[in-house]
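Hi,

Here is the structure I promised to pass on. Have a look at it first, and my notes on what turned up are underneath.

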Amino acid sequence: KQKTAYEIRNCDWSSDVCSSDLGGGGPPPCRQLRRPSLCHLAAGLRGGVTVLNRSELLRDPLLALAGVLYLLPLPPAWSTGAVLAWLVLQLLDGPAGDRWRHWPLAALLLALVRPWVRGEMPHPVSGEDLLLLALAFVASTGLTVARWQRLLPWLLPPLAVALFAGPRPWTPNPLAGVNQGAYLLGLLTVAAAAWTSALPGPLRQRWPGAALTLVGLWGMWRTGSRACLVASLLAGLAVLLAERARRGQPLLRPLLLAAIAGAAALGLKNLLGHPGIGIDWTSDSGRVQGYGCWAGLPFSGDNRLLWGVGFHRPGAFCQQPIHGSPLTHAHNLFLQLWGNTGLLGLLAMGLLALLFWRLWRGGGGSDLTRRLGQGALVYTLLQGCFDVALLHWPLLQVATATLVAALTATAGSAPAVDPGSSAPSPRT
């Protein structure tokens, strides 16, 4: 009988019997317990103990800590320190075969940590933001599905802060910004929805993830952030359509239901006269004028068409007045990169678009990682059409790049050889 590598390691060769051949040698599966939903909820947190990876139990709680600190009225530098510590440890604790490229990145991150923690980059957009996105993506590529099952539960606890949302418009952390707080809530809501849809069993057994999803939607509604709320709902719809297309199922029915639900929500809002989620003519007209300024910025001479105006020249940025103060960013992620980087930035975005398209079609390692990565990617692209909150704080960049990297997850551990050692090392 052919055995897997795990079974071979656990064989009793004196009797030629493997532990996987014996019944009753472990806890019952979740479906046989009285409370399977709690079992699935705790499965991810128990994962580090199950595989005896104690470093994860010391490292991954930093993600939950960073998210909670970010959404509380505390200095954002506190959350930045926690999430950068997690990123450095994630790079250092990679498999031996990846250390030749991960450890230099960890050294680069440590050498440049001051501007991120002290907030010394030009606000809100800088080249350091793009560097941090790339570092976080590389640090989380190729993780196994089992690793994601253990990592994801540590990303979701910050959603509980939305339970204490105040009156609208609610700003989770005034020091970070209302749109920036709503961005994190939207990203984690999409992750919670993906986790809920991938859990086994009927819907009534997935109530922890469903509850976190509803809490996240409630928090975004209380902030009044239109971009984040709409982007999170459309990201969920996009993942649903992608799953149905993958299975060869028709797409017309969910599209019609989504259109009816959207029309009903808008009608109910107008009937009740609810403020906050709608058109703000003063703000939106100013944004449209800002779009035109940033779109034409590379055509203002001085070779800006090739490489834009750069990131460290705020005096050259567009200054569009909105509500009595100048708007120094484009309120659109793609126009922002176009104005700052020119044609070379368009080439960079094209390379990323090709990469993400190939990852999208690749299918991912499991239902969980595929839906997680697709949802995070669509949410980021849609929200970026109306705001650049992604580029404001390091936590948002690390969380976004990490979740999008779920598209690169592998079903099992792939051996990698350390240049200084002949022993294989799986990436778990």
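Two helices, helix 15 (304–307) and helix 16 (333–362), each put at least two residues into a nonpolar patch. This is a predicted model, by the way, so please read everything below in that light. The patch lies on the surface, covers about 890 Å², and consists of Phe299, Leu305, Leu306, Trp307, Leu343, Leu344, Leu346, Leu347 and Leu351. Helix 16 is the biggest contributor, with five residues. One residue to click on is leucine 347, which sits in helix 16. Its relative accessible area is 52%, and the cut-off for exposed is over 50%, so leucine 347 counts as exposed.

Now the salt bridges. The whole structure has eleven of them. Which residues are joined up in a network? Glu56, Arg59, Asp60, Asp93, Arg147 and Arg150 are.

Two pairs from that group:

- Glutamate 56 and arginine 150 meet through their side chains at 2.8 Å, N to O. They are 94 residues apart, with glutamate 56 in helix 3 (residues 54–59) and arginine 150 in helix 9 (residues 145–151), so this pair links distant parts of the chain. Both glutamate 56 and arginine 150 are buried.
- Arginine 59 pairs with aspartate 93, with 3.0 Å between the closest N and O atoms. This one also links distant parts of the chain: arginine 59 is in helix 3, while aspartate 93 is in the loop between helix 5 (76–92) and helix 6 (99–111), 34 residues apart. Arginine 59 is buried at 4% relative accessible area, whereas aspartate 93 is partly exposed at 36%.

For a local salt bridge, try arginine 371 and aspartate 367, where the closest N and O atoms are 3.9 Å apart. Both lie in helix 17 (residues 367–384), four residues apart, or about one turn of the helix. Arginine 371 counts as buried, at 7% relative accessibility, and aspartate 367 is partly exposed, at 37% relative accessible area.

There is a helix pair to look at too. Helix 11 (residues 207–223) packs with helix 12 (residues 226–246) at an angle of about 150 degrees, their axes 8 Å apart. That angle makes the two helices roughly antiparallel. Leu217, Met220 and Trp221 of helix 11 make the contact with Cys228, Leu229, Ser232 and Leu233 of helix 12.

As for the chain overall, it has 18 helices and six strands, and 46% of its 428 residues are buried. Its accessible surface is about 21200 Å², with 67% of that belonging to carbon and sulfur atoms.

Cheers

Key
Residues numbered from 1 in each chain as written. Predicted model: local features only at pLDDT ≥ 70, side-chain atom pairs only at ≥ 80, totals over all residues. Heavy atoms only, no water. Patch = residues over 30% accessible without salt bridge, like charges linked within 9 Å, V, L, I, M, F, W, Y side chains within 5 Å. Areas by Shrake-Rupley, 256 points an atom, 1.4 Å probe, with all protein chains shown as cover. Salt bridge = Lys/Arg side-chain N within 4 Å of Asp/Glu carboxyl O. Buried < 20%, exposed > 50% of the residue type's maximum accessible area, 1.4 Å probe, protein only. Axes fitted to C-alpha atoms, helices over the stretch in contact; angles between N-to-C directions. Parallel < 35°, antiparallel > 145°, perpendicular 65-115°, else oblique. Contact = heavy atoms within 4.5 Å.
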